[in-house]
Amino acid sequence: MSDKRLKPVEKIGYGLGDFASNIVFQAVIIFLQPFYTNVYGLSAAAVAVMFLSVRILDMVTDPMMGIIADRTNTKWGRYRPYLLWFAVPFAVMLVLTFTTPDFDESGKLIYAYVTYALLMVIYTVVNIPYCSLGGVISSDSHERVSANSYRFFLATAAGVLIGYFIPKLVESFGDGNEQLGYPYAMAVFSVLAIAGFLGCFALTKERVKQAVPDKGSFRTDINTLFKNDQWWIVAILFFILLVGIVMRAASQVNYVQFVLADKTLIASFITAGLVAQMIGAMLASPLSKKIGNVPSYILIQVMIVLGSVALYCFPTSNLTLVYGGFIFISFFAQMGAPILFTMVADTVEYGELKTGRRVTGLAFSGVLFTLKLGVALAGFLTPLLLATNGFEGTAETQTPEARQTILLSLTLYPAIAHFLLIPIVTFFKLNKKRCDEIRAELDQKANA
């Protein structure tokens with residue numbers, strides 16, 4: 001059917017949206033914590049509290065944005081317009097967040113809270129409609145996995161560029177002054193983000209027809225979502241997964257600097273992992289098509305756990321083993337993402353059949369809220385663990401306890417999160433056969 005098959009150019013266009021979003025996301029999860037503690041001048045404990053506190057905003061903004069997006073009705077569709085309207089504000093806030101003002105200690109803390117909070121609000125305004133777009137560009141589950149594979153390939157490409165070029169641009173623009181170098185480096189990537197959002201807007205189309213849920217209150221929409229047992233499983237998966245992902249990502253810079261004790265390896269270490277993620281993302285579609293979404297997801301998590309345990313045991317003096325272990329983990333880490341986001345779209349149609357209401361934006365906003373809760377918990381725990389084990393961001397060397405904490409935060413702590421995903425995903429019942437049956441029933445009702 002014409003509403004199912006997507007041309008490669010549209011899959012690329014869809015991926016450009018997450019290329020743009022991931023410029024911000026990767027900059028935040030890889031560089032923001034070490035920027036705040038090692039460059040900006042905040043204590044690790046203050047950063048931990050801030051990362052957790054800002055997430056309180058998401059309790060309001062995420063579901064609100066999902067409902068607003070579901071009720072948006074323009075000539076361009078419901079979700080695409082937000083990529084056009086907020087591309088520039090999003091890019092500007094990225095630069096401001098990585099800017100160090102000439103304020104006293106309390107003034108700098110307030111500035112950090114305000115800019116980080118605004119960046120996360122605009123992230124919500126852009127990313128929830130973008131993710132919802134993935135549920136309406138095609139009604140076929142395998143096509144969604146394929147589109148999401150393109151998406152995460154390009155998203156990780158943004159991460160590769162961020163990981164490799166940010167340290168070099170900071171050094172080049174700042175000439176040794178990282179406070180000066182960071183905003184200029186982020187400005188370069190802000191231009192790329194704007195181009196990505198505009199490309200996504202221009203190259204995609206909203207195909208899956210759905211009634212705008214004008215009738216019914218906020219409470220009705222929330223109740224509709226909460227009755228969806230399969231959505232709850234995916235939401236829990238997102239929460240636990242992001243705890244592991246963010247702990248690992250936030251520990252990379254400190255791992256290279258203080259455990260491997262060679263700051264010059266930061267760019268190559270991060271880039272190696274992100275290139276492996278790009279390759280892994282493109283293999284999600286053929287793997288899920290061959291053995292199914294749930295078996296694929298279980299296999300991926302098993303590989304990540306085994307790789308994490310191995311990396312913990314490898315001697316840090318052997319860079320070949322260290323890089324190999326990190327590349328192995330990274331290869332599988334991004335492979336699960338296209339599958340998981342496809343599961344969200346599948347739960348939307350399951351919920352529509354079950355309740356008679358389709359709440360695409362709210363479903364994606366809900367899982368993105370749990371995702372950001374996972375980011376918040378990891379963002380709180382990682383610097384808190386460092387602070388309680390004697391970490392000093394401005395120190396040339398760290399205590400053995402601090403170095404061990406960094407190593408655990410890169411390996412075994414994330415492995416626990418990935419291990420917990422395995423039994424939970426077995427409760428997800430929307431396989432390809434069941435999704436096709438649901439789509440057929442919905443089509444039959446629509447044509448009745």
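In this predicted model, the second largest cavity is lined by Val28, Ile29, Gln33, Phe51, Arg55, Tyr116, Val246, Ala250, Val375, Ala376 and Gly379. The space inside this cavity comes to about 100 Å³. Three helices, H1, H10 and H16, each supply at least two residues of its lining. Sorted by class, the lining of the second largest cavity contains eight nonpolar, two polar and one charged residues.

This cavity has company, for the structure holds seven cavities of 30 Å³ or more. The largest cavity has a volume of about 490 Å³. Its wall is built from 32 residues, and those nearest its centre are Phe25, Gln26, Leu242, Ile245 and Gln334. A good number of helices take part: two or more residues of the lining come from each of H1 (8-40), H6 (105-133), H7 (141-174), H10 (229-259), H11 (266-282), H14 (319-333), H15 (336-355) and H16 (360-388). The lining of the largest cavity is made up of 20 nonpolar, nine polar and three charged residues. Readers tracing the chain may like to note that H1, H10 and H16 appear here and also in the lining of the second largest cavity.

Attention can now turn to the pockets. The largest pocket has a volume of about 560 Å³. It is lined by 24 residues, and Pro167, Glu178, Gln257, Lys263 and Ile266 are the closest to its centre. The elements that give two or more residues to this lining are H1, H7, H8 (178-203), H10 and H11. Among these contributors, H1 provides the largest share, with five residues. By class, the lining of the largest pocket divides into 12 nonpolar, seven polar and five charged residues.

One further feature is found on the surface. There, Ile56, Met59, Val60, Met64 and Ile68 make a nonpolar patch of about 490 Å². A helpful residue to look for is Met59, which lies in helix H3, spanning residues 58-71. Is Met59 buried or exposed? With a relative accessible area of 55%, Met59 counts as exposed, because that term applies to values over 50%.

Taken together, these results give a newcomer several places to start. Inside the protein, the largest cavity can be found around Phe25, Gln26, Leu242, Ile245 and Gln334, while Val28 and Ile29 are among the residues that line the second largest cavity. The largest pocket can be located from Pro167 and Glu178, two of the residues closest to its centre, and the nonpolar surface patch can be picked out by residues including Met59 and Met64.

Key: Residues numbered from 1 in each chain as written. Predicted model: local features only at pLDDT ≥ 70, side-chain atom pairs only at ≥ 80, totals over all residues. Heavy atoms only, no water. 1 Å grid on protein atoms, 1.4 Å probe; cavity = no way out; pocket = protein on both sides within 12 Å on 5 of 7 lines; lining within 4 Å. Points joined across faces, edges and corners; volume = space filled by probe spheres on them. Helix = DSSP H or I, 4+ residues; strand = E, 2+ residues; numbered from the N terminus. Nonpolar A, V, L, I, M, F, W, Y, C, P; charged D, E, K, R; others polar. Patch = residues over 30% accessible without salt bridge, like charges linked within 9 Å, V, L, I, M, F, W, Y side chains within 5 Å. Areas by Shrake-Rupley, 256 points an atom, 1.4 Å probe, with all protein chains shown as cover. Salt bridge = Lys/Arg side-chain N within 4 Å of Asp/Glu carboxyl O. Buried < 20%, exposed > 50% of the residue type's maximum accessible area, 1.4 Å probe, protein only.
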